[in-house]
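Reader: Please take a close look at the ligand site. Which residues are around the ligand?

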Amino acid sequence: MVKFNGLKKIKTAVFISGKGSNLKNLIKFSKQKNFPISIDLIISNNAKAKGLIYANNFKIKKKVFNFSNKIISEKKILSLLFKNKIELICLAGFMKILSKSFIQEFNGRILNIHPSLLPKYKGLNTHARALENREKYSGCTVHLVNSKLDSGKIILQNKVKIYKNDSVKTLSKRILKQEHKIYPEAIIKLFS
Ligand code: GRF
């Protein structure tokens, strides 16, 4: 893995599908002098993703791929990534599953944030499932992406207590706050 040498930041693309609060948070950190990455490209599978607004606000290049044909979309994304000399991909609420061959191209250089304490609750609806099972804790995980869903090497996790009167809304809000802490921390841990 390339390290940040204090001069040249690691060129990063962030993939989103929705609100983009993790994206916004990473952009904010990337502006700090000693933060290892710069965010040079935003990719979304959803033209209506609210997070795309941060591309305009922060003057970052953005591109939407609809994934109606996954093979073609991924091919186009890869060529855009190479063209922009992207070295790292951060998935942040990206709701598409990338193919094995795509992941291979960026082997060990794709990060994801997942709203559970992996290996528990891989996949969707993590908060509802944690509440249903009356877990005492949930949390979030930053991990490397490999070809198995939500199963790559764990970089950082934060635990969050579940209260009796929690709903999906209250729990997800509390966990999102921790996501905003550990995603930048994981990047510092990996690249500094
Ligand atoms: C986060 O909870 C993330 O863990 C999950 O999707 C949500 C995205 O939130 N994968 P945002 O778009 O970053 O606000």
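Author: What follows describes the ligand site and then one salt bridge. This is a predicted model, in which local features need pLDDT of at least 70 and side-chain atom pairs count only at pLDDT 80 or more, while totals for chains, interfaces and linings use all residues. Residues are numbered from 1 along each chain as its sequence is written, and side-chain values use heavy atoms, with hydrogens and water left out.

Around the ligand are K19, G20, S21, N22, G93, I113, P115 and E179; a residue is near a molecule if one of its heavy atoms lies within 4 Å of it. This shell has two charged, two nonpolar and four polar residues, where Asp, Glu, Lys and Arg count as charged, Ala, Val, Leu, Ile, Met, Phe, Trp, Tyr, Cys and Pro as nonpolar, and the others, Gly among them, as polar.

Oxygen atoms of the ligand have N or O partners in the protein. For S21, a side-chain N or O atom is 2.5 Å from a ligand oxygen. E179 places a polar side-chain atom 2.8 Å from an oxygen of the ligand, and at N22 a backbone N or O atom lies 2.9 Å from a ligand oxygen. The protein buries 82% of the 370 Å² that the ligand exposes when taken alone (accessible areas by the Shrake-Rupley method with a 1.4 Å probe).

As for charge pairs, there are four salt bridges, each a side-chain nitrogen of Lys or Arg within 4 Å of a carboxyl oxygen of Asp or Glu. One of them joins E87 and K8, with the closest N and O atoms 3.7 Å apart.

Note on methods: Polar contact = N/O pair within 3.5 Å; in protein donor to acceptor, adjacent residues only side chain to side chain.
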